[in-house]
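Please walk through the structure shown below, taking the pocket, the aromatic rings and the surface in turn.

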Amino acid sequence: MSYLVPSEFVTKMVDAGESKVHMSTRDTLIRGFMAGAILALAAVFAVTVAVESGSFLLGAVLFPVGFCMLYLMGFDLLTGVFMLTPLALLDRRPGVTPQGILRNWGLVFVGNFAGALTVAAMMAFVFTYGFNTDPGAVGEKIAGVGEARTLGYADYGLAGWLTIFIRGMLCNWMVSMGVVGAMISTHVSGKVIAMWMPIMLFFFMGFEHSVVNMFLFPSAMMMGGGFSVMDYLLWNEIPTVLGNLVGGLAFTGLTLYTTHVRTAPKRAAVRPVTP
């Protein structure tokens, strides 16, 4: 499991950010769609495992399988590009502009949402046999999560909104560590191990991931969740996206970049004064 030192993999992070800014619209949308769809399948898999086994920990242990698959295939999550693309701007890579970064974020958001929504509709159809029966234990759990993570936050007003924001920050601190984990080894096994650890942590701790939520909440509404589209946007998706942006960039991207690429001057050696 060959390991790259930080100065090497942080340079790969900047290279990846530059590449994503210059990627074509078609490729960005396709990669975003597939990432959203695969992560949505992983989410419903983890919820199914948790419900049927009675162990949320087991669901969290298995959830990272989706994240590993999508990054090994080279697909893109909004949470990842939030962290990677600004580094290319800070590094003054040719052609990288704030407008190009915002374009990338917008396209990845649309792709992720379309992929997650597609899987949400497919799974809601499956759980309800074409919307003809109750959704069953797993579907009811997803609907309950949707209500708890919208109306449950709304009950606390501004404090609830800030709670979602902070959970979003903590989430993308861990998720972006998983993105970096895919770059620290040249072997598949090393990449998977490095990605698995922080993703398992974020899922078990109940932090808020904007792309996972693009599946959970539309799916919950399709299966009878008692909240509205505006509840979802105002009391989850918007603060989660903002928290994901701040957390991934501040806690992972900037800390690694500033200390391994734009390093501070080394301290001069102090020689002892001889009498």
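This is a predicted model, and the largest pocket is a convenient place to start. Its lining is made up of 18 residues, and those nearest the pocket centre are Val-47, Phe-56, Val-145, Arg-149 and Phe-203. The elements that contribute two or more residues to this lining are α2 (25-53), α7 (136-148), α10 (188-204) and α11. Among the elements, α2 gives the most, with 5 residues. The space in the largest pocket comes to about 310 Å³.

Two of the residues nearest the pocket centre, Phe-56 and Phe-203, also belong to a cluster of aromatic rings. In that cluster, ring pairs link Phe-56 and Phe-203 with Phe-63, Phe-202 and Phe-204.

Turning to the aromatic pairs in general, the count for the model is 13. One of them joins Phe-217 and Phe-227: the ring centres are 6.0 Å apart and the planes meet at 80°. Planes over 60 degrees apart count as edge-to-face, so this pair is edge-to-face. Phe-217 sits in helix α11 (residues 210-222), while Phe-227 sits in the loop between α11 and α12 (229-260). The two residues are 10 apart, and the pair links distant parts of the chain. Both Phe-217 and Phe-227 are buried.

Phe-217 has a second aromatic partner, Tyr-232, and here the geometry is stacked, with 5.3 Å from centre to centre and 20° between the planes. Because Phe-217 lies in helix α11 and Tyr-232 in helix α12, this pair ties together parts that are 15 residues apart in sequence. Are these two residues buried or exposed? Residues under 20% relative accessible area count as buried. Phe-217 has a relative accessible area of 0%, so Phe-217 is buried. Tyr-232 has a relative accessibility of 3%, and therefore also counts as buried.

Helix α12 also leads to the surface. Val-229 is found in this helix, and at 49% relative accessibility Val-229 counts as partly exposed. The reason is that the partly exposed class runs between the 20% limit for buried and the 50% limit for exposed. Val-229 is one of the members of a nonpolar surface patch, together with Met-230, Leu-233, Leu-234, Ile-238 and Leu-242. The accessible area of these residues together is about 490 Å². Helix α12 thus holds both Tyr-232, which is buried, and Val-229, which is partly exposed.

How values were computed
Residues are numbered from 1 along each chain as its sequence is written. This is a predicted model: local features need pLDDT of at least 70, side-chain atom pairs count only at pLDDT 80 or more; totals for chains, interfaces and linings use all residues. Side-chain values use heavy atoms; hydrogens and water are left out. Rings of Phe, Tyr and Trp (its six-membered ring) pair if their centres lie within 6.5 Å; planes under 30 degrees apart count as stacked, over 60 as edge-to-face and the rest as tilted. Helices (H or I, at least four residues) and strands (E, at least two) are DSSP runs, numbered from the N terminus. Buried means under 20% relative accessible area, exposed over 50%, partly exposed in between (1.4 Å probe, protein chains only). Patches are made of residues with over 30% relative accessible area and no salt bridge: like charges are joined within 9 Å, nonpolar side chains (Val, Leu, Ile, Met, Phe, Trp, Tyr) within 5 Å. Accessible areas come from the Shrake-Rupley method with a 1.4 Å probe; for residues, only the protein chains shown count as cover. A salt bridge is a side-chain nitrogen of Lys or Arg within 4 Å of a carboxyl oxygen of Asp or Glu. On a 1 Å grid over the protein atoms alone, a cavity is a set of points where a 1.4 Å probe fits but cannot get out, and a pocket is an open set with protein on both sides within 12 Å along at least five of seven lines; lining residues have an atom within 4 Å of a point. Grid points are joined across faces, edges and corners, and a volume is the space filled by probe spheres set on the points.
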